[in-house]
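Good morning, everyone, and thank you for making room for a short talk. Please look at the sequence and the structure together while I speak.

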Amino acid sequence: MLDKEEGEIASKLFAEGFQEIKNSLKVPLNQNFKKLLDYYNDLTGFEETNPNAIMHHFAEMYGPDCEKCGKPYRTEKAMFCPKCGNKRKL
């Protein structure tokens, strides 16, 4: 998961990838997003190949970690952990 600062950098690189698409339609899609993919790989050690997948890995998009299993709730207001079934107490 990317924190706020890392997410801002990733978003900027994602936008640059779309700008490169506008400039040249003959380049393979992943080449347009190479900077983003390389940045994510350097941060996480995971060699992601889909730039869209990276945009779903921002910690701010999810709720707090489950008290029981540690996985994040899907939203800030979620009352049920989809991983372990824990019912959250607010």
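I will begin with confidence, go on to the overall form, and end with two residues.

What you see is a predicted model, and its chain averages a pLDDT of 88, with 93% of the residues scoring at least 70. That confidence is not spread evenly, since it is lowest in helix H2, residues 29-32, at a mean of 72, and highest in helix H3, residues 34-44, where the mean is 95. As a general caution, where pLDDT is low, the predicted coordinates should not be read in detail.

Let me turn to the overall form. The chain has 4 helices and 0 strands, so that, read from the N terminus on, its elements run α-α-α-α. Which radius of gyration does the chain have, when a compact globule of 90 residues would have one near 12 Å? For this chain the value is 16 Å, and along the principal axes its C-alpha atoms fill a box of roughly 50 × 25 × 20 Å. Of the 90 residues, 29% count as buried, while the accessible surface comes to about 6,500 Å², 54% of which belongs to carbon and sulfur atoms. If we consider the contacts with a separation of 6 or more, residues 24 or more positions apart account for 24% of them. As for charge, the chain has 14 positive and 14 negative charges, and the mean positions of these two groups are 9 Å apart.

Now to the first of my two residues, Phe14, which you will find in helix H1, residues 4-23. Is Phe14 buried or exposed? Phe14 counts as buried, because its relative accessible area is 15%, and the cut-off for buried is under 20%. Leaving aside neighbours within four places in sequence, Phe14 is in contact with Phe33, Leu36, Pro51, Asn52 and Met55. Phe14 and Lys35, although 21 residues apart in sequence, have their C-alpha atoms 8.4 Å apart in space.

The second residue is Ile54, whose place is in helix H4, residues 51-54. Ile54 is also buried, because its relative accessibility is 0%. Not counting residues up to four places away in sequence, Ile54 touches Leu2, Leu36, Leu37, Tyr40 and Glu48. With one of these, Tyr40, the separation is 14 residues along the chain, and the C-alpha atoms are separated by 7.5 Å. If you compare the two lists of contacts, you will find Leu36 both among those of Phe14 and among those of Ile54.

Note on methods:
Residues numbered from 1 in each chain as written. Predicted model: local features only at pLDDT ≥ 70, side-chain atom pairs only at ≥ 80, totals over all residues. Heavy atoms only, no water. pLDDT = per-residue confidence, 0-100. Rg over C-alpha atoms; globule rule 2.2 N^0.38 Å. Buried < 20%, exposed > 50% of the residue type's maximum accessible area, 1.4 Å probe, protein only. Contact = heavy atoms within 4.5 Å. Areas by Shrake-Rupley, 256 points an atom, 1.4 Å probe, with all protein chains shown as cover. Lys, Arg positive; Asp, Glu negative; His and termini not counted. Charge placed at Lys NZ, Arg CZ, Asp CG, Glu CD.
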